[in-house]
Amino acid sequence: MDASDTPQALAGLVVLDLSRILAGPTATQMLGDLGATIYKIENPKTGGDDTRSWGPNYVKDTKGGETDLSAYFVAANRNKMSVAADLATEEGVRLVKALAAKADVVIENYKPGGLEKFGLDHATVLKDRPDLVYCSISGFGQNGPNRDVPGYDLMAQGYGGIMSLTGEPDGRPMKVGVGIADVMCGMYATIGILAALRHRDKTGEGQHIDLSLVDAQMAWLINEGTNFLVSGKDPARRGNAHPNIVPYDVVTLSDGHAIIAVGNDSQFGRFAEIIGASELSEDPRFTTNQSRLEHRELLKTKIDPLLAKMKRDDLLEKMAAAKVPAGPIQTVRQALGSDQAQARGAVVHIPDADSQASRVPVLGNPLKFSRTPVQYRKAPPHFGQHTLQVTRDFLPDL
């Protein structure tokens, strides 16, 4: 059976998406991938979602001109319908309220309190629709001293601690290479929405989900966060090295770089033999992971010169044969063009008659369902593409 003929887990679910940029759109794209109908509200005064203009790199139209589908916008907005609505007008507010009245989920990322003047805040909407799931995403959350401070990914990474851990030990604090605070917040939002829907389906009761970029970022400090909580000491930047495992790092070879991830003491013995230093596994300073942690810098002086003489493919081949984890560092081109990426559907092309290539490339959803597969039903929409359709078909009485 073709994937398009199979049911989807969230088929029939209606989501009103009042979010923009990345965190909220990441969540609603995930819900759309799983079968939900997503109505993305965009402001005609600004030309829609801010990321539509975050170029360079735009999908080209049939004549080779740039469209309003920036690569950034494409990353988080497939499987959605774009509806133009200006909340500064009575008509726009009526349209959005009518959609909210028929939605299962509302998600928004306005500043806390920003929707109250339109009667679209969670307290007002849930009063009329007690069975609704309403998710608010903001920089710092709906309460606290920083409630009204705007939130962007970079600010969240700075405030939430991850930048203090990222980068070389003697370098500047460094953000992660992509908007990971936004993306992870979107993932938490998806989980929260699905849990709230489960509760609604059991009890008929909706609820408000209050989620912030900074809260989410602090939550995924994971072991480095708990390293601090247990020790009381701020973790240090270590570049690519691991705080609790040695050697676990990027290493320099004669023809480039590679990753080694020696996860236990027996692996270390095999690694030492591979690099021609089997005596290291007998040295009490290096026999256990704990001792290697204590003598991290000394161990580096022993292994780095030996690794610098080896070729990457030779090292990786020997590590694989000895079952010691190691791997290459690929460019995005190499990663997405690999046989593994092809086998796993890491890149998908969604048909789109308005684009020059008659399709839009997107990153595939990593979820592989045996019964309710992800479907790529709609290419990322042009601004306001579905306004007339929605008002005519979904809201005929408006």
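Student: Why is Tyr72 called partly exposed?

Tutor: This is a predicted model, in which local features need pLDDT of at least 70, side-chain atom pairs count only at pLDDT 80 or more, and totals for chains, interfaces and linings use all residues. Residues are numbered from 1 along each chain as its sequence is written, and side-chain values use heavy atoms, with hydrogens and water left out. Buried means under 20% relative accessible area, exposed over 50%, and partly exposed in between (1.4 Å probe, protein chains only). Tyr72 has a relative accessible area of 29%, so the residue is partly exposed.

Student: What makes Trp54 and Tyr72 an edge-to-face aromatic pair?

Tutor: Rings of Phe, Tyr and Trp (its six-membered ring) pair if their centres lie within 6.5 Å; planes under 30 degrees apart count as stacked, over 60 as edge-to-face and the rest as tilted. The centres of Trp54 and Tyr72 are 5.0 Å apart and their planes meet at 85°, so the pair is edge-to-face.

Student: Why is the pair of Phe268 and Phe271 called tilted?

Tutor: Their centres lie 6.3 Å apart, with 45° between the planes; the angle is neither under 30 nor over 60 degrees, so the pair counts as tilted.

Student: How do you know that Phe268 is buried?

Tutor: Its relative accessible area is 1%, which is under 20%, so Phe268 is buried. Phe271, at 0%, also counts as buried.

Student: What makes Arg20 sit over the ring of Tyr110?

Tutor: A charge sits over a ring if NZ of Lys or CZ of Arg is within 6 Å of the ring centre and within 35 degrees of the ring normal. The charged end of Arg20 is 4.6 Å from the centre of the Tyr110 ring, and it is counted as sitting over that ring.
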